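Me: I've got a model open and I'd like to learn how to read its helix packing and its salt bridges. Can you walk me through it?

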Amino acid sequence: MITVVCLVLLAVGFLAPRRSRRVQGGIDSGSDKAERKADDKTPDALTKFVKKPIENARKAADKSTEVGREGREKTSGEDVD
């Protein structure tokens, strides 16, 4: 599932770099909700183990969007920030 999200974010980052920030924000807010839910639902000893995959997925999604934007910048020569 995260692979599909990363591929979509990579494509959006390349094709529509300015709009990709909004999509990336939506993914980040979903990750925040999942982390909060993990805090609420799991015992304290397991929280770290439950939150780590969520954090890794968020980092991967952010990185793939960033790579898409950088690729767009290199091919078009425009600054997308």
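Reply: Sure, we'll take the helices, then the salt bridges, then a surface patch. Keep in mind that this is a predicted model.

Me: How do I describe two packed helices?

Reply: Two packed helices are described by the angle between their axes and the distance between the axes. Here, α1 (residues 2-15) and α3 (residues 44-76) pack at about 25 degrees, with axes 7 Å apart. That makes α1 roughly parallel to α3, since angles under 35 degrees count that way. The crossing of α1 past α3 is right-handed.

Me: How many salt bridges are there by the 4 Å rule?

Reply: The count is three. Take Asp32 and Arg58, whose side chains meet at 2.8 Å, N to O. Asp32 lies in α2 (residues 17-41) and Arg58 in α3, so this pair ties together parts 26 residues apart in sequence. Glu35 and Arg58 also meet, at 2.6 Å, and that links Asp32, Glu35 and Arg58 in a network of salt bridges.

Me: Is Arg58 buried or exposed?

Reply: Buried, because its relative accessible area is 19% and the cut-off is under 20%. Glu35 is buried too, at 14%, while Asp32 is partly exposed at 30%.

Me: Which residues make up the third bridge, Asp39 and what?

Reply: Asp39 pairs with Lys51 at 3.6 Å, N to O. Asp39 is in α2 and Lys51 in α3, so the bridge ties together parts twelve residues apart in sequence.

Me: And which residues form the nonpolar surface patch?

Reply: Leu7, Leu10 and Val67, with about 240 Å² of accessible area together. Leu10 is partly exposed, at 33%.

Note on methods:
Residues numbered from 1 in each chain as written. Predicted model: local features only at pLDDT ≥ 70, side-chain atom pairs only at ≥ 80, totals over all residues. Heavy atoms only, no water. Patch = residues over 30% accessible without salt bridge, like charges linked within 9 Å, V, L, I, M, F, W, Y side chains within 5 Å. Areas by Shrake-Rupley, 256 points an atom, 1.4 Å probe, with all protein chains shown as cover. Helix = DSSP H or I, 4+ residues; strand = E, 2+ residues; numbered from the N terminus. Buried < 20%, exposed > 50% of the residue type's maximum accessible area, 1.4 Å probe, protein only. Axes fitted to C-alpha atoms, helices over the stretch in contact; angles between N-to-C directions. Parallel < 35°, antiparallel > 145°, perpendicular 65-115°, else oblique. Left-handed = near helix turned anticlockwise from the far one by under 90°.
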